[in-house]
Amino acid sequence: MARIILSSQEKYLNSFDKKKDSFLKSMEDFAEENNIPILSNQSANLLEQLIVMNKPQRVLEIGTAIGYSTIRIARKLGRKAIIHTIEKSTNNIAIAKENFKKSGLENRIKLIEGDALRILPQLQKKYDFIFLDADKEDYKRLFDYSMVLLKKGGVIFVDNLLWHGFVAANKVPTKYKQSTNFIRDFNRIFMHQPSLSSTILPVGDGIGIGVKVL
């Protein structure tokens, strides 16, 4: 019964959503057809709202995939703002580059190719906003690097913290047990990080939002 109510609520909320242009819709269709994970609609809407409210000048995205969330962020940035986005998959990089060209937002996007675990320690300037959406087993290390790069007062936005609902489940399918344990461990760290005012919201697959206070 609860699932039916949640599904109805999602449909109701989506009924208020503005009609997407054909470009974003084509990216969503491509992701679904090729089993490439991207932000859910409600999560992407929340991300856009936070960008609009915080007006960041420098944004870092860890995990580009095909560039869907990158483009949605870039569309909401001010004229002089920029988003740096890191991706290691050569296939995704090629697709993302093409999507960035089509978006007409190349002047606001800088794609950094390679492993974020190697790239993050090399970055010098800090960021106003960081979006973490990468391999779950790397979340803890990526988060540690992100906290160094996040300015005081800056926002970190993390996806997949409810992990299909498995983090709250008593029984977890075998193939999801390891990843679920990674996320459970990460959530404890995220919610008890002294330098963050943090929360986890039941939006999409679970969104963590933290503001750096120290």
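How much accessible surface does the protein chain have, and what percentage of it belongs to carbon and sulfur atoms? With the whole chain displayed, the accessible surface comes to about 12000 Å², and 53% of that surface belongs to carbon and sulfur atoms; such areas come from the Shrake-Rupley method with a 1.4 Å probe, and for residues only the protein chains shown count as cover.

Before selecting anything, note that this is a predicted model, in which local features need pLDDT of at least 70 and side-chain atom pairs count only at pLDDT 80 or more, while totals for chains, interfaces and linings use all residues. Residues are numbered from 1 along each chain as its sequence is written, and side-chain values use heavy atoms, with hydrogens and water left out.

**The whole chain**

In a cartoon view, look for eight helices and seven strands, which are DSSP runs numbered from the N terminus (helices are H or I, at least four residues; strands are E, at least two). The radius of gyration is 17 Å, close to the 17 Å that the globule rule gives for 214 residues, so the chain is as compact as a globular protein of that length; the radius is taken over C-alpha atoms, and the rule is 2.2 Å times the number of residues to the power 0.38. Of the 214 residues, 47% are buried, where buried means under 20% relative accessible area, exposed over 50%, and partly exposed in between (1.4 Å probe, protein chains only).

**Helix 3 and the loops beside it**

Select residues 41–54 next: this is helix 3, whose 14 residues reach 20 Å from the first C-alpha to the last, close to the 20 Å expected at 1.5 Å a residue, the expected span being 1.5 Å times one less than the number of residues. Among the buried residues of helix 3 are Ala 44, Leu 47, Leu 50 and Ile 51, and also Glu 48.

Then move to Asn 35, in the loop between helix 2 (22–33) and helix 3, where phi is near 55°, a positive value in a residue other than glycine; Asn 35 counts as exposed at 69% relative accessibility. After helix 3 comes Lys 55, whose phi is also positive, near 50°, and which lies in the loop leading to strand 1 (58–62). Lys 55, at 62% relative accessibility, counts as exposed.

**Ser 146**

Finish at Ser 146 in helix 7 (residues 139–149), which is buried, with a relative accessible area of 0%. Leaving aside neighbours within four places in sequence, Ser 146 is in contact (heavy atoms within 4.5 Å) with Ile 62, Ile 130 and Ile 156.
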